[in-house]
Structures are given as structure tokens and as C-alpha cells.
Amino acid sequence: NRLNPSDYMTKINEGKRMLEEGKYEEAQNILLSAQELNEKPSLAHYYKGALHSAQDQDDEAIADYNKGVEINNIHFKCKNGLYETYMKQNRHNEAYLVMKDIIKYFPSNHERLSNAIRLAIVTKNLEDIEFFYEVFANSEEKEPRVINHICAGMFVVARHYLLQSQEEKAMILFRKIGNSFCNFHKFITSIIETLCDFQIFSEAKLYLEKYPSEVHTEPFYELANFLVEAHGKENQTF
């Protein structure tokens, strides 16, 4: 296709070039003519959307991106265009739904996964955090920055479950953090502090055992150990 592009792709490339040069009217005419050359012109709609976006015509951009998605519901460029435009408009709920769909079909990008986790918290789609955890767990590369976002998201949701008296749901998320990311000591410490706050002392003691011996002299371990031991003594019968 690159060596011998179709008439459709020739028009697309020409329209893209006009867009990059700021020749918006010429780009519009070329992209409109490109639409007529393909039965499924999602890419033409994407560049028309980008053309509108460049002129701050966000509603028109969204309309074109949506037309592209109607033709091909997993068209990455159109979906990403929708996401970026919704975020520009602070329409976080719509942006989140698009990003979740992108993650479903294109899971390998860690930056997108981090954005999805943040939006899940902002839009209160808390139960989706487990889906993002599974996506991340199945990925080949695990960047520390994304691990931090995953753990933070799961911790926030687990604490929310505790506040809602849904203890078993919270324990599932805490255990996933503890089993998969136990070397992220700040989250283990936070889990222990939270479990002690909610008087779930037997579970807190299990997390104390997840610290490796070489950190037993660190202040965060001593704090966690103190919390568990202190509560244990309070609950002894004499």
C-alpha cells in the first residue's frame, strides 16, 4: 500500500498534508472527495475530525470521529480522537467510556492504562479497577510507574469497599496488591494501617509477614509492626 497506494489513500495523504500545512479549506475538499472512494472511510472521517479539532470545532470533530467508529467500532484513531476531544471539554464520563473501550482492544500501552485508572477513580467507576488490574497482570512489561497507579487505584477502591461494609470485596483487592506487588512497601504499610483502623487485626498481621527481613529495621516496618503488636496486646484476655 505504501509503494502503490490506492486512490483513496492518495487522497487521504494529500488531505493530511494540507491539514499539516494549515490549508484547511483545501484539506476539507480533498477529504470529502476521499470519502467517496471507499465503502468504509473511517480514516477519512478521522482526518476530517482532526481538521475540525485544529479549528476548535469540537462538536463537529466529535461527529466525524463518531461516524468513523460507526463504520469500524475498533478504529483506534477515531476512538483516540474522541477521547482527546472529550478530555479537552472536561467531559470525563464520556472520555472514560471511550478509554475503557480502547484498553479492551489495545491493552499494551501503559500510558493509556494509567489514564484509564485515573479516570475510573474520577468518574467513580471503581469496580472497573479489577479489570485494569487483569489487563496489567497479563502484560509482558510492567513499568514501576504503572504499578504505582494500579496499586493506588486498587487501594482507594478497597478502602471505599470497607467504608461501605463490603469487607470481602476489599480483602480481594488488598490480597492482589499483597500477592503481586509486595515489594511496594508503602502500599503494604498503608494496607496494614487501614486494616488496623477498621479493626481487622488478624488480616493485618498477615501483611506484616510480607515484608522481607532486610527492611525490618526501617521506620515504616517498625510503625506497621507496632500497630499490629499494639492491637494484639489490646485484645489479649488476662
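The legends below describe an overall view and several close-up views of one predicted model.

In this predicted model, local features need pLDDT of at least 70 and side-chain atom pairs count only at pLDDT 80 or more, whereas totals for chains, interfaces and linings use all residues. Residues are numbered from 1 along each chain as its sequence is written, and side-chain values use heavy atoms, with hydrogens and water left out.

**View 1. The whole chain, with 13 helices and zero strands.** Helices (H or I, at least four residues) and strands (E, at least two) are DSSP runs, numbered from the N terminus. The radius of gyration, taken over C-alpha atoms, is 25 Å, well over the 18 Å that the globule rule (2.2 Å times the number of residues to the power 0.38) gives for 238 residues, so the chain is more spread out than a compact globule. Along its principal axes the C-alpha trace spans about 85 × 35 × 30 Å. Of the 238 residues, 44% are buried, where buried means under 20% relative accessible area, exposed over 50%, and partly exposed in between (1.4 Å probe, protein chains only). With a contact defined as heavy atoms within 4.5 Å, 53% of the contacts between residues at least 6 apart in sequence join residues at least 24 apart. The chain exposes about 13400 Å², of which carbon and sulfur atoms supply 48%; accessible areas come from the Shrake-Rupley method with a 1.4 Å probe, and for residues only the protein chains shown count as cover.

**View 2. Two loop residues, K124 and Q199, that have positive phi.** K124, in the loop between α7 (110-122) and α8 (129-137), has a phi of about 65° although it is not a glycine. K124 is exposed, with a relative accessible area of 67%. Q199, placed in the loop between α11 (185-197) and α12 (201-208), has a positive phi of about 60° and is likewise not a glycine. The relative accessible area of Q199 is 60%, and Q199 is exposed.

**View 3. The surroundings of H45 in helix α3 (residues 42-54).** H45 is buried, at a relative accessible area of 6%. Leaving aside residues up to four places away in sequence, H45 touches Q35, D64, Y65, K67, G68 and I71. One of these, Y65, also belongs to an aromatic cluster with Y46 and Y47.

**View 4. Tilted aromatic pairs F155 with F174 and Y211 with F220.** Rings of Phe, Tyr and Trp (its six-membered ring) pair if their centres lie within 6.5 Å, and planes under 30 degrees apart count as stacked, over 60 as edge-to-face and the rest as tilted. By this rule the count comes to 10 aromatic pairs. The rings of F155 and F174 have their centres 5.9 Å apart and their planes at 45°, so this pair is tilted. F155 lies in helix α9 (residues 144-163) and F174 in helix α10 (residues 167-180), so the pair ties together parts that are 19 residues apart in sequence. F155 is buried at 16% relative accessible area, and F174 is buried at 0%. Y211 and F220 form another tilted pair, 5.8 Å centre to centre with 45° between the planes; Y211 is buried at 4%, while F220 is partly exposed at 27%.

**View 5. The cysteines C78 and C151.** C78 is buried, with a relative accessibility of 0%, and C151 is buried with a relative accessible area of 0%. The structure holds zero disulfides, a disulfide being a pair of cysteine sulfur atoms within 2.5 Å.
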